[in-house]
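Q: I have a structure with two chains open in my viewer, and I would like to learn how to read it. Could you take me through it step by step?

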Amino acid sequence: MKGAIVPTERPPERPAQRTGEFAPELQLSVDHDLCPGCGEPIALRLLLELAAELGCAERAIGVVGIGCYTALGSSIGVDMIQALHGRAPSLATGAKRMRPDTLVFTLQGDGDMVNEGLQEVIHTAARGESVTCVLLNNGVFGETGGHMTATTVLGQRTKNTLDGRDAARHGHPIQLPEMIAPLGGVAYVARGSVHDAQAIVRTKNMLRRAFEAQLAGAGFSLVEILTMCPTGWFVPTARGPGYLDEVIASVHRVGELKRRS
Amino acid sequence: VFNLARGQFDYWQATRGGGHGDYHLLVLAPIDVAEATQLTQEAFDLAFRWRNPVLVYGDYLLAHTAEAVELRALPRREHDQSWAADGTGRARGGPRHVSPIGMRAGSKHVDAESFWQRLQAKHERIAAAEARFEVEHADDAELLVVAFGSLARFARHAVRELRSEGVRVGYFRPITLWPYPSAALARAAAHVRQVAVLEQNAGQMIDDVRLALAGRVPVSAIGGISTDAHGFGVGALFDPETVRARILAAHATRSAA
């Protein structure tokens with residue numbers, strides 16, 4: 001009875017199902033080692049669902065950066081290359097140029113893509129490489145303890161901005177999609193979120209359009225996905241989605257920025 | 001990977017590793033432009049054969065030397081590339097993960113310890129198979145000169161010249177800096193009274209020479225810091241007469257003792 005609705009008028013006859021039991025075909029693991037309330041596994045799941053739905057299961061290459069989500073890499077059911085911090089777009093470029101018929105995507109965090117590897121993603125976009133870069137933006141260096149990144153919004157508390165990010169001391173957040181969208185080589189840019197069911201569906205559609213742009217050879221595509229990090233944000237786990245929606249998404253606005261057909 | 005920017009000050013970086021991790025690069029040190037064209041081709045072959053990064057370690061003099069060479073293409077060798085993440089993994093028995101931290105597809109955790117142990121076993125196989133060197137006049141030499149890269153060309157020239165004059169000196173050059181041809185050097189130095197190391201730095205390769213000889217033969221340095229005003233180029237040491245004089249002085253020191 002996989003996927004059946006559990007009746008609520010009486011106690012369940014069997015234990016509740018975990019999301020892992022609905023794992024898509026290309027997701028090799030049914031659980032993860034990240035914190036409760038983390039948004040990254042949802043984003044990975046969307047990617048893997050789409051790779052299968054677009055018929056690319058046997059011609060897809062994922063390039064994974066370095067962050068919490070690196071631990072999800074072993075559950076990726078397609079060929080995968082582990083990149084150095086920030087360098088995934090360059091590896092993706094090489095993979096796509098040698099195997100132009102494959103679906104090539106990166107999986108990077110904000111610390112990876114926007115801090116460490118900013119020039120990599122900008123040059124890859126400007127060259128118009130037909131790859132899809134996926135930015136999981138939670139506004140902190142989660143893996144190394146939850147410190148400020150280049151996308152941390154003003155006022156946001158992190159491990160090294162305990163009183164909130166202050167523009168005078170720490171500078172302003174970088175909104176990467178807004179920087180990338182005007183570049184000539186870019187076919188599709190969007191920012192989605194995984195804080196509720198509607199946002200997840202919407203984000204999956206963004207990823208679908210990005211992949212479709214890539215497979216059509218239209219050029220570079222970028223999808224930023226806002227993900228929850230209640231651990232890094234100093235908020236209760238259940239408060240993570242609300243904090244994302246009210247605080248993070250008020251600066252990093254969800255929506256499509258470029259859709260070139 | 002190529003390092004041709006400076007003098008010979010990067011020997012330790014090249015052979016001891018420039019980053020973190022318990023690893024080795026294969027390091028090739030060409031003596032001249034002709035050998036550089038050969039070793040650069042071989043670097044790619046070695047990288048695929050061993051699935052290991054290869055460093056071509058030249059120097060400023062080599063990078064700025066123009067010589068006529070006959071380019072000879074290496075015969076193309078086929079290597080197993082079934083490990084490559086080309087997107088078709090699922091159609092060929094399962095997804096392949098190319099990871100420098102030992103992460104495998106479907107594994108719950110990184111298997112780093114067995115990964116690093118496999119890497120060490122591979123290093124041992126590389127060390128046994130790939131050590132390369134050049135040796136001349138070692139059999140009856142009293143003094144053996146050890147040098148690498150461009151500076152070895154000066155050493156080889158001086159040794160040949162001194163041999164033609166009846167001075168019993170020999171010459172040994174590691175072509176691979178890792179794996180270091182330690183066994184070959186120990187054989188070449190088996191009957192000499194002294195080993196002199198000529199390198200353009202404060203003394204780096206001399207460590208590997210001492211390790212290879214394990215105290216059986218006295219080892220001295222006859223090179224040293226020698227650079228031009230820009231800090232990149234070739235200093236006074238890169239001079240045939242200077243090299244000849246230093247070899248002769250080392251030989252005379254030992255003969256007098």
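Q: How many residue pairs are in polar contact between chain A and chain B?
A: To judge this, look for nitrogen and oxygen atoms within 3.5 Å of each other across the two chains. In this predicted model, the count is 14 residue pairs, with both residues at pLDDT 80 or more.

Q: Which elements give two or more residues to the side of chain A that touches chain B?
A: Here you follow the touching residues back to their helices and strands. Strand E1 (60-64) and strand E2 (79-82) of chain A are the elements that do so. E2(A) provides the largest share, four residues.

Q: What classes of residue does that side of chain A have?
A: Sort the residues by their side chains. You will find nine nonpolar, six polar and seven charged residues on the side of chain A that touches chain B.

Q: How many salt bridges are there between chain A and chain B?
A: For these, look for a Lys or Arg nitrogen within 4 Å of an Asp or Glu carboxyl oxygen. The two chains have two salt bridges between them. One of them joins A:Glu25 to B:Arg90, where the closest N and O atoms are 2.6 Å apart.

Q: How much area do chain A and chain B bury between them?
A: Think of the surface that each chain loses when the two are put together. That comes to about 1,700 Å², with 51% of it on carbon and sulfur atoms. On the chain A side, A:Glu58, A:Ser74 and A:Asp79 lose the most area to chain B, together 35% of what that side buries. As for who takes part, the contact draws 22 residues from chain A and 22 residues from chain B.

Q: In which sense do E2(A) and strand E4 of chain B pair, parallel or antiparallel?
A: Compare the directions of the two strands. E2(A) and E4(B), residues 97-98, pair in the parallel sense over two bridges. In one place to look, A:Ile81 has B:Val98 as its bridge partner.

Q: What is the order of the strands in the open sheet?
A: Walk from one strand to its neighbour. The eight strands run E9(A)-E7(A)-E8(A)-E4(A)-E3(A)-E1(A)-E2(A)-E4(B), with mixed pairing. The edge strands are E9 (255-259) of chain A and E4 of chain B, each pairing on one side only. Within the sheet, E3 (residues 103-109) and E4 (residues 132-137) of chain A pair in the parallel sense over five bridges, and A:Gln108 stands opposite A:Leu135 in E4(A).

Q: Which strands does helix H7 of chain A lie across?
A: Helix H7 (residues 197-215) lies across E3, E4, E7 (186-193), E8 (220-226) and E9 of chain A, and runs at about 165° to E7(A).

Technical notes. Residues numbered from 1 in each chain as written. Chains lettered and ligands numbered in written order. Predicted model: local features only at pLDDT ≥ 70, side-chain atom pairs only at ≥ 80, totals over all residues. Heavy atoms only, no water. Contact = heavy atoms within 4.5 Å. Buried area = accessible area lost by both parts, 1.4 Å probe. Salt bridge = Lys/Arg side-chain N within 4 Å of Asp/Glu carboxyl O. Polar contact = N/O pair within 3.5 Å; in protein donor to acceptor, adjacent residues only side chain to side chain. Nonpolar A, V, L, I, M, F, W, Y, C, P; charged D, E, K, R; others polar. Pairing = 2+ DSSP bridges. Axes fitted to C-alpha atoms, helices over the stretch in contact; angles between N-to-C directions.
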